[in-house]
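Hi,

Here is the structure I promised to pass on to you. Have a look at it first, and then read on for what I found in it.

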Amino acid sequence: MDEAGLLGKCLDPDTNKWAIACPWRELHSGDEPFSPDSGTVIFNPPERLPAFRCLHAHCAERTFKDLIGWLERRLPGLVGAHCSRLRQWESGQQHSDGRP
């Protein structure tokens with residue numbers, strides 16, 4: 001995220017929650033890109049898959065998959081360089097415990 005110029009401050013080190021500038025912030029209504037109350041964060045808790053959340057209406061349906069796609073289109077190879085394990089999303093794919 002840092003290489004993409006999106007990373008803000010760590011908001012919660014226990015859950016590895018970070019404020020980020022939303023890649024789609026041009027659709028938002030005037031907040032500061034790295035403000036902790038901007039409504040855009042990533043989570044990367046240990047031993048869990050990362051997550052993305054933006055609370056703006058334009059981004060309500062966006063997921064971590066969308067964020068990864070955005071990053072990879074702009075900076076090819078960035079995702080692979082930072083992921084210890086890559087996961088390919090396929091429609092209907094589920095984890096062995098039933099999670100998507």
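**Cysteines, sheet and helix**

C10 is partly exposed, with a relative accessible area of 33%. Please keep in mind that this is a predicted model.

Let me stay with the cysteines for a moment. How many disulfides does the structure hold? The count is 0. A disulfide is a covalent bond between the sulfur atoms of two cysteines, and the cut-off used here is a sulfur pair within 2.5 Å. For C54, the closest cysteine sulfur belongs to C59, and the separation of 3.8 Å is too far for a bond. C54 is also buried, at 2% relative accessibility.

C54 leads straight to the sheet. Within β4, C54 is the bridge partner of T40. Strands β3 and β4 run antiparallel and are joined by 4 bridges. On the other side of the story is the pair β2 (residues 17-20) and β3 (residues 40-43), also antiparallel, with 3 bridges between them. If you want a spot to click on there, A19 stands opposite V41 in β3.

Taken as a whole, the sheet is open and has 4 strands in the order β1-β2-β3-β4, with antiparallel pairing. Which strands stand at the edges? They are β1 (7-12) and β4 (51-54); each has a single partner strand, so one side of each is left without a neighbour in the sheet. On average, neighbouring strands of this sheet are turned by 25° against each other, direction ignored. As a reminder, strands of a sheet pair through backbone hydrogen bonds, either parallel or antiparallel.

Next, the helix. Which residues of α1 (residues 64-74) are buried? They are F64, L67, I68, W70 and L71. These residues cover an arc of only 160° around the axis, which puts them on the same side of α1. The spacing makes sense in general terms: an α-helix has 3.6 residues a turn, so residues three or four places apart point the same way.

One last stop is the segment before β1, where you will find G5. G5 is partly exposed, with a relative accessible area of 43%. The C-alpha atoms of G5 and P23 are separated by 9.7 Å, and the two residues are 18 residues apart along the chain.

Happy browsing, and do write back with any questions.

Best wishes

Key
Residues numbered from 1 in each chain as written. Predicted model: local features only at pLDDT ≥ 70, side-chain atom pairs only at ≥ 80, totals over all residues. Heavy atoms only, no water. Pairing = 2+ DSSP bridges. Helix = DSSP H or I, 4+ residues; strand = E, 2+ residues; numbered from the N terminus. Axes fitted to C-alpha atoms, helices over the stretch in contact; angles between N-to-C directions. Buried < 20%, exposed > 50% of the residue type's maximum accessible area, 1.4 Å probe, protein only. Arc of directions from axis to C-beta.
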